[in-house]
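Hi,

Here is the structure I promised to pass on. Have a look at it first, and then read my notes below.

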Amino acid sequence: MKRAGKAFFTENLLIWNSEINTRNMPWKGEKDPYRIWLSEIILQQTRVEQGWPYYERFIKAYPTVNHLARASDDEVFRHWQGLGYYNRCRNMLAAARTISKDYQGQFPHTYESILALKGVGAYTAAAIASFAYGLPHAVVDGNVYRVLARYFGIQTPTDTTEGKKEFTLLAGELLDKTQSAAYNQAIMDFGAVVCKPQQPACSSCPLSTQCLAYQTGRVEQLPLKTKKIMIRQRFFYYIILIYNKQVYIRKRKEKDIWQNLHEFILLEQPCPVTQAELLASEGYRAALPGVSFKVEGLSAPYKQQLTHQTIIAQFLTLRGKGRAPALEGYQLVPQSMLNDYAFPKTITSYLEKSALGLTLF
DNA sequence: AATGCGGGGCA
DNA sequence: TGCCCAGCATT
């Protein structure tokens, strides 16, 4: 691929990194592949500021990959609670156990063997390979797409097969193979600090004289993306059925959002319904056949915006009468034990706001 | 090639 | 509100 200014780009990016870049993060300069891997998993599609405290907590709770591999699923999910994209947590655990068993706790040393780990894709494998072992693999993440699309004026959408191929090839050509760790760290820091998504610091950018987007007034338009996602609305009605300071919960197993997190008795409806309609619904009769109770109240709607759907949740508190029935798929747990289970943000928000554990029991 | 998967921060 | 974030797995 013939493009102007490649040598200028790499040279001046590295100068910026050594002379101007002051960005600091707990995992920066880290050589322990376990710690690098952990940070990269946490940071997938996640802002540094959001992932930072999670990283600190995970390192403290699990100092080595063997500690993590030995931990129970539920305990690790509790540490992950609130971070989102929960399959990352499941894959992370699977990878930790692979490393602990198949590799005797020694992190794999080649790009291909790192890439084979669960939850590790091209980006994460390149990051670990370069940061931990100095291997010559260029990272391609959201920062890299943005920096390269602007500097080289590339109009190929980044969310296409062609785009991924084109940007990956270019990134590999730009990499300084004698210092791949420094180069990879530099381009991501540069994208985060200078060539930001909004309000990039072009006036102080050392690459602006050769930046095609800057020179042609297209900085705000690049990089390009094609797909626009359809956002679906879902209406969740959670029944909080209480018997003597105990409440029914279950772990979400189905292939859907919040897999492996816990929830109360869920009645999902295709459209908004009133309390009376809910109690007369078919879903209610199926979930709670013949249960006798007193209605405590229906909460206000809790709205949560996910990437592909909007969850509108309401919580209906019922105080059961008589003996607590066994409900298929649900377990009855004391209110005081709720902190031992991982819940989605919508539910923890409700629990905090309603002070369920303080007043209702 | 297209889709699904969280949660938070920002203009 | 819409966009983006140290992406990946699945279909």
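How many salt bridges does the count come to? In this predicted model, the count comes to 16 salt bridges. Here are some that I looked at one by one.

R3 and E166 are joined through their side chains by a salt bridge, with 2.6 Å from N to O. R3 sits in the segment before helix 1 (6–19) and E166 in helix 10 (residues 161–174), so this pair ties together parts 163 residues apart in sequence. R3 counts as partly exposed, at 23% relative accessibility, while E166 counts as buried at 14%.

K28 and D189 make another salt bridge, and their closest N and O atoms are 2.6 Å apart. Here the loop between helix 1 and helix 2 (33–43) supplies K28 and helix 11 (residues 180–193) supplies D189, so parts 161 residues apart in sequence are tied together. K28 is partly exposed, with 25% relative accessibility, whereas D189 is buried with a relative accessible area of 0%.

A third one pairs E254 with R252, at 3.8 Å from N to O. E254 counts as partly exposed at 30% relative accessibility, and R252 as buried at 1%. Through shared partners, salt bridges link R234, R250, R252, E254, D256, E263 and E268 into one network.

You may also want to look at D141, in the loop between helix 8 (122–133) and helix 9 (142–151). What is the nearest side chain of opposite charge to D141? That is R146, 7.2 Å away, and D141 has no salt bridge although it is buried. A polar atom of the D141 side chain does lie 3.0 Å from the backbone nitrogen of V144. Apart from neighbours within four places in sequence, D141 is in contact with Y123 and M188.

Now for the overall layout. The domain assignment divides chain A into domain 1 (6–221) and domain 2 (232–360). Their centres, taken over C-alpha atoms, are 38 Å apart, and the contact takes 8 residues from domain 1 and 13 residues from domain 2.

Finally, the unreviewed UniProt entry carries the annotation "domain: HhH-GPD" for residues 42–193. Over residues 42–193 the chain is 66% helix and 0% strand, with 20 Å between the end C-alpha atoms.

Best wishes

Notes: Residues are numbered from 1 along each chain as its sequence is written. Chains are lettered from A and ligands numbered from 1 in the order in which they are written. This is a predicted model: local features need pLDDT of at least 70, side-chain atom pairs count only at pLDDT 80 or more; totals for chains, interfaces and linings use all residues. Side-chain values use heavy atoms; hydrogens and water are left out. Helices (H or I, at least four residues) and strands (E, at least two) are DSSP runs, numbered from the N terminus. Buried means under 20% relative accessible area, exposed over 50%, partly exposed in between (1.4 Å probe, protein chains only). Lys and Arg count as positive and Asp and Glu as negative; His and the chain ends are not counted. A salt bridge is a side-chain nitrogen of Lys or Arg within 4 Å of a carboxyl oxygen of Asp or Glu. A polar contact is a pair of N or O atoms within 3.5 Å; within protein, one must be able to donate a hydrogen and the other to accept it, and residues adjacent in sequence count only if both atoms are side-chain atoms. Contact means heavy atoms within 4.5 Å. UniProt positions are given in the numbering used here, feature names are shortened, and annotations may be inferred rather than shown by experiment. Domain bounds come from an automatic or database domain assignment.
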